Amino acid sequence: AQLEHGIGPIEAFEPGPLDAAMAEKGADVFALKCSACHKMDTRYVGPALASITEERSPAFIMNMILNPAEMLEKHPDAKAKLAEFMTLMPNQNLTQDEARAILEYLRQQAL
């Protein structure tokens with residue numbers, strides 16, 4: 001389960017129906033903290049994220065946002081992405097609420 005959900009403070013959970021207001025907040029946080037390295041449909045400094053919610057569990061995505069250093073050091077899938085992209089994901093010091101809002105925004109992008 002640890003590998004599926006990543007390493008960090010978030011344990012497995014089901015986010016439920018899309019929360020449009022939370023996704024809107026997530027879009028703002030994404031624009032401020034994530035868009036310098038991530039685009040939706042294009043490989044950039046980091047991986048494209050349009051389909052990430054279909055590839056990774058909600059907990060994995062939030063743990064990658066909240067705990068990138070430990071994920072990149074210890075999680076085999078994150079280490080593989082680091083080897084591919086050769087760029088460390090910085091810790092943006094986001095709150096769990098902000099990470100949850102970004103998750104909601106990413107879920108909205110996958111629709």
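Buried here means under 20% relative accessible area, exposed means over 50%, and anything in between is partly exposed (1.4 Å probe, protein chains only). By that yardstick Ala78, with a relative accessible area of 4%, is buried. The model is a predicted one, so local features need pLDDT of at least 70 and side-chain atom pairs count only at pLDDT 80 or more, while totals for chains, interfaces and linings use all residues. Residues are numbered from 1 along each chain as its sequence is written, and side-chain values use heavy atoms, with hydrogens and water left out.

As for the overall fold, the protein has seven helices and zero strands, where helices (H or I, at least four residues) and strands (E, at least two) are DSSP runs numbered from the N terminus. The order along the sequence is simply α-α-α-α-α-α-α. The radius of gyration is taken over C-alpha atoms, and the globule rule is 2.2 Å times the number of residues to the power 0.38. For 111 residues a compact globule would come out near 13 Å, and the protein, at 13 Å, agrees with that. The C-alpha trace spans about 35 × 30 × 25 Å along its principal axes.

Of the 111 residues, 39% count as buried. Contacts (heavy atoms within 4.5 Å) reach well along the chain: among those with a separation of 6 or more, 71% join residues 24 or more positions apart. The accessible surface, from the Shrake-Rupley method with a 1.4 Å probe and with only the protein chains shown counting as cover for residues, comes to about 6,300 Å², and carbon and sulfur atoms hold 53% of that area.

Then there are the charges. Lys and Arg count as positive and Asp and Glu as negative, with His and the chain ends not counted; each charge is placed at NZ of Lys, CZ of Arg, CG of Asp or CD of Glu. The protein has 10 positive and 16 negative charges, and their mean positions lie 6 Å apart.

Back to Ala78, which sits in helix α6. Leaving aside residues up to four places away in sequence, Ala78 touches Met64, Met71 and Leu72. Met64 is 14 residues from Ala78 in sequence, and the two C-alpha atoms are 8.3 Å apart in space.

Just before that helix comes His75, in the loop between α5 (68-74) and α6 (76-85). His75 counts as buried because its relative accessibility is 1%. The His75 side chain reaches the backbone nitrogen of Asp77 at 3.1 Å, where a polar contact is a pair of N or O atoms within 3.5 Å; within protein, one must be able to donate a hydrogen and the other to accept it, and residues adjacent in sequence count only if both atoms are side-chain atoms.

The loop between α6 and α7 (96-110) holds Met86, and Asn93 is found in that loop too. Met86 is not a glycine, yet has a positive phi of about 60°. Asn93, not a glycine either, has a positive phi of about 55°. Met86 is exposed, with a relative accessible area of 67%, and Asn93 counts as exposed at 63%.

Finally, helix α7 includes Glu104. Despite being an acidic residue by the charge count above, Glu104 is buried, at 0% relative accessibility. Beyond residues up to four places away in sequence, Glu104 touches Pro15, Pro17, Leu18, Asp19, Met22 and Ala23.
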